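User: I am new to reading protein models and would like to learn how each label is earned. Could you take me through the reasoning step by step?

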Amino acid sequence: MKILLLVGLMSFSGLCLAQTDTQDIISLSGTIVDETDAPVPYVTISVLNRNVGVVSDAEGFFFLRFARQDTLELSTLGFEKHQLYLGDTATADNYDLNIRLSEKTYTLENITVIAYKDEEAFKRAILALDEKDLPKETPKIRIPGSYDGPRIEKRAGPASPLSFLYDRFSKRARYEREARQAEQDYEYRKNLSSKYNRELVSKVTGLEDMQLDEFMAQCRLEDTFIEKSNEYEIILAINQCYEDFKVR
């Protein structure tokens with residue numbers, strides 16, 4: 001399949017270059033590597049302003065024919081885009097080149113992560129919450145001719161069965177809403193913890209004990225970032241935090 005893909009792309013590029021002078025055609029092959037010289041697989045190598053390109057294989061190898069005046073662009077997830085122009089410095093055949101890509105850096109905002117020891121600790125924290133403060137009184141708007149004096153509120157007496165049932169069921173409904181909200185918050189935090197936790201950070205960075213605690217306090221990833229990101233993107237963010245942590 002790999003051979004058929006490369007042959008197909010090479011044939012397509014050959015059709016696009018059919019109108020170009022043979023002496024101006026460059027044949028380029030090589031391996032794409034990262035900053036540690038490890039192969040980078042499945043990199044897209046495209047010719048700017050032309051509908052021509054190939055994809056490197058699992059070992060980072062590629063082959064492409066293009067016009068001497070063309071500029072190549074290399075792009076893949078996690079690395080900065082790289083442009084390559086050979087021009088008059090190139091020969092007709094340029095083989096076994098190593099093209100190095102730089103890892104892409106991400107700027108992350110600081111967030112505060114509150115972790116609970118277990119589910120019971122989380123429930124106790126919810127039950128210990130105070131009632132929310134009432135909103136501040138907003139300015140009143142007076143309408144000419146309207147009554148703005150005291151008003152008498154009609155309500156059932158203290159011993160009324162209606163008042164008793166209202167108080168009882170309104171409190172019950174409020175408690176049920178708070179319990180449902182607490183359960184949703186717990187499941188949300190549980191999902192975040194499964195994607196970003198001490199075990200993953202320790203595995204990526206090699207930190208343990210107090211150093212791991214210091215790193216977790218410094219590397220604060222936003223909840224929305226953790227929720228929407230996959231494991232690869234979270235590991236990239238951890239590595240970026242670790243580089244900052246080492247030079248701290």
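**From values to labels**

Analyst: This is a predicted model, and we can begin at a turn: in the hairpin of β5 and β6, with 6 residues between the strands, Gly 78 takes a positive phi near 90 degrees.

User: What makes β5 and β6 count as a pair of strands?

Analyst: Two strands pair if at least two bridges are found between them, and 3 bridges join β5 to β6, which run antiparallel. The count meets the cut-off, so β5 and β6 are a pair. One of the places to look is Leu 74, whose bridge partner in β6 is His 82.

User: How do you know which strands β2 pairs with?

Analyst: The same kind of count is used here, with at least two bridges required. Strand β2 (residues 44-47) is joined to β3 by 4 bridges, and the two run antiparallel; within this pair, Val 47 stands opposite Val 52 in β3. Another 4 bridges join β2 to strand β5 (residues 72-75), again running antiparallel, and there Ile 45 stands opposite Leu 74 in β5. Strands of a sheet pair through backbone hydrogen bonds, either parallel or antiparallel.

User: What is the order of the strands in this open sheet, and which are its edge strands?

Analyst: The open sheet has 4 strands in the order β3-β2-β5-β6, with antiparallel pairing. Its edge strands are β3 (52-55) and β6 (82-84), because each of them pairs on one side only. Neighbouring strands of this sheet are turned against each other by 20 degrees on average, direction ignored.

User: Why are α4 and α5 called roughly perpendicular to each other?

Analyst: The axes of helix α4 (residues 198-205) and α5 cross at roughly 110 degrees and come within 11 Å. Angles of 65 to 115 degrees count as roughly perpendicular, and therefore α4 and α5 receive that description. The contact is made by Arg 198, Val 201, Ser 202 and Thr 205 of α4, together with Asp 209, Leu 212, Asp 213, Phe 215 and Met 216 of α5.

User: How do you know that Cys 219 and Cys 241 form a disulfide?

Analyst: A disulfide requires two cysteine sulfur atoms within 2.5 Å, and the sulfur atoms of Cys 219 and Cys 241 are 2.5 Å apart. The value lies at the cut-off, so the pair is counted as a disulfide, and by this rule the count comes to 1 disulfide. The pair links distant parts of the chain, 22 residues apart, with Cys 219 in the loop between α5 (209-218) and α6 (223-228) and Cys 241 in helix α7 (residues 231-246). With 70 degrees about the S-S bond, the link of Cys 219 and Cys 241 is right-handed.

User: Why is Cys 241 called buried?

Analyst: Buried means under 20% relative accessible area, and Cys 241 has 14% relative accessibility, so Cys 241 counts as buried. Cys 219 is buried as well. The C-alpha atoms of Cys 241 and Leu 221, which are 20 residues apart along the chain, are separated by 9.5 Å.

User: How much of the chain counts as buried, and how many helices and strands does the chain have?

Analyst: Of the 248 residues of the chain, 27% count as buried. The chain has 7 helices and 7 strands, and along the sequence they follow the pattern α-β-β-β-β-β-β-β-α-α-α-α-α-α. Among the contacts in the chain with a separation of 6 or more, 63% are between residues 24 or more positions apart.

Note on methods: Residues numbered from 1 in each chain as written. Predicted model: local features only at pLDDT ≥ 70, side-chain atom pairs only at ≥ 80, totals over all residues. Heavy atoms only, no water. Axes fitted to C-alpha atoms, helices over the stretch in contact; angles between N-to-C directions. Buried < 20%, exposed > 50% of the residue type's maximum accessible area, 1.4 Å probe, protein only. Contact = heavy atoms within 4.5 Å. Parallel < 35°, antiparallel > 145°, perpendicular 65-115°, else oblique.
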